[in-house]
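Please open the model in your viewer and keep a selection panel at hand. The stops below say what to select next and what is there.

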Amino acid sequence: MSTWVVATAGHVDHGKSTLVRALTGMEPDRWAEERRRGMTIDLGFAWTTLPSGATVAFVDVPGHERFVPNMLAGVGPVPAALLVVAADEGWKPQSAEHLAALAALGVTHGLLVVTRSDLADPAAATAQARGELAGTSLAGVEAVAVSGATGAGLDELRAALDRLGAALPAPDADAPVRLWIDRSFTVRGSGTVVTGTLGAGRLAAGSELEVAATGRAVRVRGLQSLGVPESTVDAVARVAVNLRGVERDALSRGDALVTPGRFTTTELIDVRVHGDPVADLPVMVVLHVGSAAVPARIRPLGTDTARLRLDRPLPLHVGDRALLRDPGLHRVPGGVTVLDVAPPPLRRRGAAAARAVELSKMDGPDLPGELRRRHLARASDLVRMGVPVGGVTPVAGEWLADPAHWAALGGRLVSEVDAYAAAHPVEPDAPVEVLRQRLGLPDRALVEALVRAPLTVHDGRIGTGRGLPERLLRALAAVRADLERSPFAAPEAGRLAELGLGPKEVGAAVKARLLLRIADGIVLLPSAVDAAVAELARLPQPFTVSSARQALGTSRRVAVPLLEFLHRQGRTRQLADGRHTTSTC
Ligand SMILES: Nc1nc2c(ncn2[C@@H]2O[C@H](COP(=O)(O)OP(=O)(O)OP(=O)(O)O)[C@@H](O)[C@H]2O)c(=O)[nH]1
Ligand SMILES: [Mg+2]
């Protein structure tokens, strides 16, 4: 049965905790001081089973203006809210501040709950609150009138909660974990325990996580959700995580446990600011995201974009929502969307203005845009930024390239190779490392991946291919064009003769690695080996020569020696019955 989490919100004394108590029979005010003062100070946690059988957990927040930071830590990771308004008091300042926070964080699911309806007719407060919700992310949510004192309306509220839970988007169990910690404590005999709202992904006992701020590895020793030990817990859920390898003092509210390698932990971000113009914001604000609250310095870039320098690093993705607050002024908070978690430095004159133009076009995770701006990026770095890389083939290793930039680099490589050859007549082939530096590339593999005929690469050097006479290069270009159309149709002797390619010429082309000799009289492009293996891997294994021939669209004349060649290269295996397989282990 499903479980989910909802946070309360609303002005002080409007009956949030009373409501949670009435629904769950559990006490959300955990501290003696809270019970003595009749006021919530810190977050409270309770849960109940709804008529559908689903379990809902509540994060109960304080309404008093002094405790807004605690409120924000509670709602930060939670995807739905109960906005509580007292029938006898109506809309109040923290009703507005809490609503603005929920809107800034992009919370779109919730209920309006008008409490204390035994003390006053709820109609006026309901109408007033509906008016305030209009035009926000929570416009048009269901409204329910209740009394925590008499229990009136609680059954309707339970039914409305079931409808709310059913309408929530299905959480992505494969998403990386980012568990924002809201409490940490020590349990005698078990060690450090942290709690939080798991917003996405799956936690499993025994798995390894990373403390985001320090990169320190920690192991999940045990897990609980709603007081019950579990071996795995799927989002969205309240969880308590018992950790191995970390002292309690090392972790506190605002820290996050993350799936290793899946977030960028950063102190510098570029954001879009929603609401107030950036120029009106104070220089120093507090950035709230998840359960974290981190002082940040704002540098305006465009009218609605800015660079934030954070006091402490946070694990972030492009597209994350967060909130800016001026703690001194108690201003209604403004929301931000993270546009870049690894922004470029702004050193040159005019760099900030150029960046503002770039940011004005950015919105969320966008692989082509990211490659256009960065030219080249490692797939793993993009994943850490929260930019999905599926569907794009790396140009070398795990490097992804912007297609236009890559094509331009290919042209520059030809010029650099020519220039090197002109300057070094005795040994004209250019070392790959020299070319890497001239092209300003981060990895030699990129230089080699740029090599196209007539350039050739051998022994760590790249040659112009000019060692071969012009007539031969033209003939080879024709062979190449044939093979690009039909990669496994090795040219027949007649075709080679017609192009003037005798054994000596073919030998020179093979030596220059423009052609690959599979067997006597059988040449293909060097790329044919990988292409053949990929094609054969798609066949039911093991396969016969005949099915390989059909899959490759070629004749036995080529298929038989090609399979032998692949077998010699260790790319396929031949079984005792004569059939072949691409599985090499
Ligand atoms: N008559 C009546 N009193 C209520 C109702 N709900 C809450 N109260 C009373 O209102 C006061 C405040 O209730 P709480 O539940 O503590 O309010 P809260 O919203 O949790 O307050 P904070 O957590 O401090 O923001 C308490 O004295 C409650 O007994 C209700 O439905 N009817
Ligand atoms: Mg309370």
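Select the lining of the second largest pocket and colour the selection by residue class: the residues divide into 11 nonpolar, two polar and five charged. This is a predicted model, and that applies to every stop on the tour. The lining comprises 18 residues, and if you want to centre the view, Val-451, Val-457, Arg-513, Pro-526 and Ser-527 are the ones that lie nearest the centre of the pocket. Which elements should be drawn as ribbons here, each supplying at least two residues of the lining? They are strand 25, residues 456–458, and helix 16, residues 528–537. The space that lies in this second largest pocket amounts to about 550 Å³.

Next, follow the chain to the loop between helix 16 and helix 17, which is where Pro-542 is placed. Display the backbone from Gln-541 to Pro-542, and you will find that the peptide bond joining them is cis, with omega near -10°. With Gln-541 still selected, add Thr-581, whose side chain makes a polar contact with the side chain of Gln-541 at 3.2 Å. Thr-581 belongs to strand 30, residues 580–581, and is buried, its relative accessible area being 5%.

From there, select Ser-546, which lies in helix 17, residues 545–552. Ser-546 counts as partly exposed because its relative accessibility is 34%, which falls between the limits of 20% for buried and 50% for exposed. If you draw a distance from the C-alpha of Ser-546 to that of Arg-556, it should read 7.8 Å, for two residues that are 10 apart in sequence.

Now move to the magnesium ion, ligand 2, and show the side chains of Ser-17 and Thr-40, since the ion is coordinated by OG of Ser-17 and OG1 of Thr-40 at 1.9 to 2.0 Å. Ser-17 lies in helix 1 (residues 16–24), whereas Thr-40 lies in the loop between helix 2 (32–37) and strand 2 (44–49), so this pair ties together parts that are 23 residues apart in sequence. Are the two coordinating residues buried or exposed? Ser-17 is buried at a relative accessible area of 9%, and Thr-40 likewise counts as buried at 9% relative accessibility.

Keep Ser-17 and Thr-40 on screen and add ligand 1, which is surrounded by 19 residues, the closest being Thr-18, Thr-40, Gly-63, Asp-118 and Gly-148. Thr-40 places an N or O atom of its side chain 2.6 Å from an oxygen atom of ligand 1. For Ser-17, by contrast, look at the backbone, where an N or O atom lies 2.8 Å from an oxygen atom of ligand 1. Lys-16 also has a backbone N or O atom at 2.8 Å from an oxygen atom of this ligand.

Select His-98 next, a residue of helix 4, residues 93–104. What does the side chain of His-98 reach? It extends to the backbone nitrogen of Gly-10, at 2.8 Å, and His-98 itself is buried, with a relative accessible area of 0%.

The following stops concern the backbone, and a torsion display will help. Most residues other than glycine have a negative phi, and most peptide bonds are trans. Arg-116, although not a glycine, has a positive phi of about 55°; Arg-116 is situated in the loop between strand 5 (109–115) and helix 5 (122–133) and is partly exposed, with a relative accessible area of 24%. Leu-226, also not a glycine, has a positive phi of about 50°, and its place is in the loop between strand 11 (216–225) and strand 12 (228–230). Continue to Val-236, in the loop between strand 13 (232–234) and strand 14 (237–244), where the peptide bond that arrives from Ala-235 is cis, with omega near -5°.

For the final stop, select Ser-415 in helix 10, residues 403–423. The side chain of Ser-415 reaches the backbone oxygen of Gly-411 at 3.2 Å, and Ser-415 is partly exposed, with a relative accessible area of 44%. Then add Thr-464, which is 49 residues from Ser-415 along the chain, with 9.7 Å between the two C-alpha atoms.

How values were computed: Residues numbered from 1 in each chain as written. Chains lettered and ligands numbered in written order. Predicted model: local features only at pLDDT ≥ 70, side-chain atom pairs only at ≥ 80, totals over all residues. Heavy atoms only, no water. Donors = N, O, S within 2.8 Å, 3.2 Å for Na, K, Ca; no water. Helix = DSSP H or I, 4+ residues; strand = E, 2+ residues; numbered from the N terminus. Buried < 20%, exposed > 50% of the residue type's maximum accessible area, 1.4 Å probe, protein only. 1 Å grid on protein atoms, 1.4 Å probe; cavity = no way out; pocket = protein on both sides within 12 Å on 5 of 7 lines; lining within 4 Å. Points joined across faces, edges and corners; volume = space filled by probe spheres on them. Nonpolar A, V, L, I, M, F, W, Y, C, P; charged D, E, K, R; others polar. Near = heavy atom within 4 Å. Polar contact = N/O pair within 3.5 Å; in protein donor to acceptor, adjacent residues only side chain to side chain.
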